Every structure is written in C-alpha cells, then in structure tokens.
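Welcome, and please take a moment to look over the model below. We will then walk through some of its contacts together.

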Amino acid sequence: MTARILPHERIDEFVTRLMQSAEVVAPRRVEVADVFYGPISSPGEVAWDYGTAIEPLKRFLLPQRETMLRFSTNGGIKVEAECDERERVFLGVRCCDVTGVGVMDAMYGGDTPDPYYMSRRERSTIIALTCLQAPDETCFCVCCDAGPFLTKGYDQQWTSLPEGMLVEIGSERGEALARANEDLLAPAELDQIATRYRLAREAEETFGDFKSYIAGAMRKLSMNEVDPEVWEQAAMRCTECGGCTYLCPTCVCFTVTDRMNGSQGVRERHWDACLNNCYAREASGHNPRPERGDRLRARFFHKISHQWAERNGRQACVGCGRCVAGCMAWAHMPAVTEGIRRGVMT
Amino acid sequence: MNNPYLPKIASIRKVKPETYDTATFTLQLDDPTERKAFQYRPGQFVELSVFGAGEAPFCISSSGHGRDTFDLSVRKVGCVTDALHEMGEGGQVGVRGPLGNSFPFEEVEGKHILFVGGGIGLFPLRPQIEDVYRERDRFASITVLYGARTPDDLVYRDELEEWQQQEGMTCLLTVDVGAEGWTGNVGVVGTLLQKVEIDVPNAVVFVCGPPIMIRFVVQDLSGMGFGEEAIITTLERHMRCGIGKCNHCMIGDKWVCKDGPVFTYRQMKAMMEFEE
C-alpha cells in the first residue's frame, strides 16, 4: 500500500468519480467564513483551504434525530427497523475529526454493535486532509494524539504538496479506491514522503497557547484525586447549555422517544447530554446526579479517565477545540484539565 | 446485522394487582420460537415497550423455571408505566432482552442465604428467592427480611404468607409506619437483622430497595461483619438502550445495564467513588 501523488489539476476529476457512486461529504463554505461538512454537488464546492469545520462529522454517522423503528398498532402490533444504506465518502476531513470517528467506532461497535451506526460506518470512506499549520487558535490536537497529521484511522490521508496531493493509504478500502483511479495517480517519490514528515513537524510547531494537559488530568481523575472544589467552581461557570456536548466529536449519548400519528408510530433517538439536569433522573423523581458539579465530573470522567480510555482504546478528547470556541463560560476541556491539575479553576 | 433495538412482541396473559400503585404483569412472547429461546436468570432485566408511550427497563420478577411466561412487577410512576397499567389481558407490548448480568447461584452454593428487601426492591429478589428455595438442599439456610413503608405497600402478599409458613425458610416482615390491624413489626428493615441468627462468615446477602435503604442496610451488614464481596445488590438507573450505548446508566467506570445490574458491594463502592 504505497503512497501516490494526485496532481492538483486532476483533483476535480477524482472527486467527480467519487460522486458517481457515493454521496460525497466535504467541507463547504456556507457563509463567508463558516465551513460545515456537507454533501457537495460539484467538486468546486470543496473548501480545500479551510481551517476547521463548525461541527464534527458526528451527525452524518449519528444523526441528531433518527428513526430507529416504525410500528403500527392497527390490528396487532407490527414493528420494522429502519436502515440507512447510503454509500458515503467523507472527503477532506480534519485529522481531529477522523480520530473522533475512531472513538465513535469503539463506542458504537464492540461486542454489541449498534446497527444504525455500523450500517453507515461500514459504507463510509474517510479521506483525511492534514493541517499544514494550526487552523485555529483553539486547536490542541497535538495534546491528544489526534493531529495535525495521522498515522492511522483513515482510508486515505491527503497532504497538499506543491506538485499535488500526497495520498497515503491507511486501509484496504483506501487502497482499492486508489487502484480504481490509478490513471489519475502517480507513485510518490521518496523526497515527497520526506517532505510530508518535515511539514508535519513544522505544523506541530505552529500550535498556540491552548495546551490541554490531558495526561496529568487523567491521572488525578482516574485515581479520584481531584479536589471537589474544582467541580464546584466549574459548576459555578457552566450554564448547562449543552453546547460542548453537541459540538464534541465524541459526545454520543442519546435518548429515545416514541411519536404517534393515529395508529402509526415511530421510535426515534435524539442526541442527549449528560450535563442536562434531567439526564439521569428516574421516573420516581430520584436524580443520581442532582448537582451540576456531579454532572460535570461524570462528563470529564467519561471523556478522559484511564478507566474509559481503556474501554475505548484511547481517551475521548481529540483536541478539536470546539468546546473552547463554543463555551461562553470558560468551562471547556483545556480549562477544566488545567483546573484538575492545579486543584483550582483559574 | 442483528438489531438489538428491535423488540419482540409479547402479550399480557395476566394482570395481578399487588398494591394501590403496583401490579404484576405476566407476559408471553407471541412467537413460539422466540418464546423457547427466551432464557434468563434471576437478576436480569428487559426493556419493555408500550408502543406510543415509549420504552423503559424492568427487572424480570419471576423465576424462569418450568414456564414459558415471565412476570414484570411494575409500579405506576411515569409515562410508560402509566400506559402499561391501562392495559389489560391480551394487550400487546414489546420486549428486548433478557439484558444484563444475573445473581450468583452456583457460586453461593452451601452458604446461608439472606435476602433483605425494601418496598418494590422485592421485585428483582423474587426470582432468586424462588430458585434458591426450589433447590434449598444446596444451601445452608434461607432467610427473607422484607420491609415496606406501610402495610398497604407490602407487595407479593400471597407469597409472603407462603414464605412465612414454608419449612426451610425464615421470612420476617416489618413496616416503617404501622396501621390499624397491623400486629407485626414496626421499624425499618434493618431492625429485622437483630431478630435472626446469622452465621455471618458463611453467609451471603442479597439486598435491594430504595437508595437510602440500601445505604443503611449495607452499614448494618458491614457492622455485623459481612465482607464486601458477600453483599450483593442490584442497581437501577434510567437505562435507555440496555446495551451500553446511550450512556444514561453510567456510574463511574461502569454501565449498570451491561456491567450490571447486579454488583457486589465492593464493586458498587468502587463505582460510587467517582460519583460521590
């Protein structure tokens, strides 16, 4: 599985071919500056020079609202499961978001795979796009082993070089895609591979002040050595808006509701957030985590404790910085990990 | 791919009122093949669908021995349970499961078996009590201590009477607050522990009840010398999916639905460290 070069002038042709057999989801400029991942209708829509996307890929694999079952209660109950069998290519995805998908794979796969997620995931091809410099001042993937370049987790990883995209292959699927389009590709030269490593090193040096000392926080969280005041202080700031959980690539909790129209009904699942007061509340009214600090603690424990990292194969923060950009109260990942480390929120 | 969210259809065969707000629903899966395949152990639970109202987790409250139906004893307390209590015999519901782990049985062979139940905490204990009693020769003794808030809150009245009369089993009852006509014990269920002889080093205890009751009973038991491994409980949480995906039931580093709902006090203590 050797790397190739895709000359810049052939990229549009490559993307056109992708679009013939799959829905291609890529970064698109929605407003002047806002970039979202979304389905494209022509290769020209791809914002190759983008920094970060406002949202991660999460909603394409785990929609915010999704029909799980359809049922009818007319003359004996009948239930049918929904299934999304769309072929998709995720093109030009930032490394942090690719890593986020890897965490979702661990959470939604495992010994009891989630059929809705897996159906989409198994029909997905992921083409990562490396960051040649820190795209945003809020980025801290370098602290999370999630960028700016990856060594695994992608089907193909593209790096923009002067002579074209360096196409690294990360899976059988990525290799098959390259083989099917070999007429557009050329084998990569050794000096081009060397350039890729130089660019990766240079990119890492451009990351700014948003360091998140995950390892230190992980140790304290996992050993139950966090000063309880840290959670109280974080709770004073947090307004429980849930923004961080919706923007986080690895916050994947959901709740389930039935909706009826006459004798026809659907069972849907929706994103949920462990920060919400009613999240764990039981029908009796008993709430196991009545205080906001309890809920913040549970969220960060799930994100970055050793215990959950062991179950998921890695800690769940990918350093995308969306919680930093989205939090109006300075209770985001780097702020809380620093608070945990120092024993006080600063 | 097998879809673990797809419920099997079951019909309500019998509804037996237990108290003013609880009833036992006897269910049978409609499909004979599914019925045969539905094998469970005491302590396991199901996700029950009342289509249109939603889905919620309930422990299976009957022993699976020798029958192709199973019981869910349910308190009328929320959206799904209200809708279930409106349904009668012949009504159709959805069932996913059996889910979760189960009470140890072979592992506690030869021991003195103590059950301590509070209120509707007797629901998950009943299948284990039935199975242990059926094979009582394999155990040193069987004791059931059960308490409820008032005499009207005592569930399984028929069984309680049987258990009190049956040979090979001790069963004591208490209520927090007495009422006219009640001549039995008054006091929290922990007070019954003083009324029975227990060979603590050779005993295991199965505890279930409201959180506050579990807390105090575990304190009492620890004081009596019960080891953390000898105290076994079953926990309840708002389990949406039942298979470790939705994360609603997470406590510390465990899912109640998938890693539990049965935990030893040692495990429970370790989980709770990250919550309290």
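## Two helices and the parts around them

In this predicted model, A:Ile214, A:Ala217, A:Met218 and A:Leu221 of helix α7(A) meet A:Phe300, A:Phe301 and A:Ile304 of α10(A). By class, this contact has 7 nonpolar residues, with no polar and no charged ones. Helix α7 covers residues 214–222 of chain A, and its axis comes within 10 Å of the axis of α10(A), crossing at roughly 115 degrees. The crossing of α7(A) and α10(A) is left-handed.

Let us turn to the division of the chain. Chain A falls into domain 1, residues 4–204, and domain 2, residues 214–342. Taken over C-alpha atoms, the centres of domain 1 and domain 2 of chain A are separated by 26 Å. Between them, 34 residues of domain 1 of chain A are in contact with 26 residues of domain 2 of chain A. On the domain 1 side of chain A, β4 and α3 (95–108) each supply at least two residues.

How many residues does each chain bring to the contact between chain A and chain B? Chain A gives 39 residues and chain B gives 33 residues. On the side of chain A that touches chain B, the elements giving two or more residues are the strands β4 (65–72), β5 (78–81) and β11 (254–261), together with the helices α4 (115–122), α10 (292–304) and α11 (306–312). The largest share of that side, 6 residues, comes from β11(A).

Here are the residue classes for two of the sides just described.

| Side | Nonpolar | Polar | Charged |
|---|---|---|---|
| Chain A, touching chain B | 22 residues | 12 residues | 5 residues |
| Domain 1 of chain A, touching domain 2 of chain A | 17 residues | 10 residues | 7 residues |

Finally, a look at the sheet. In chain A, 4 strands form an open sheet in the order β5-β4-β12-β11, with antiparallel pairing. Strands β5 and β11 of chain A stand at the edges with a single partner strand each, so one side of each has no neighbour in the sheet. From one strand to the next, the twist averages 25 degrees. Within the sheet, β4(A) and β12 (residues 264–271) of chain A run antiparallel and are joined by 7 bridges. One bridge partner to look for is A:Arg267 in β12(A), which is paired with A:Leu69.

Strand β4(A) is worth tracing again: β4(A) gives residues to the side that touches chain B, and β4(A) also supplies residues to the domain 1 side that touches domain 2 of chain A.

How values were computed: Residues numbered from 1 in each chain as written. Chains lettered and ligands numbered in written order. Predicted model: local features only at pLDDT ≥ 70, side-chain atom pairs only at ≥ 80, totals over all residues. Contact = placed C-beta atoms within 7 Å. Nonpolar A, V, L, I, M, F, W, Y, C, P; charged D, E, K, R; others polar. Pairing = 2+ DSSP bridges. Axes fitted to C-alpha atoms, helices over the stretch in contact; angles between N-to-C directions. Domains from an automatic or database assignment. Left-handed = near helix turned anticlockwise from the far one by under 90°.
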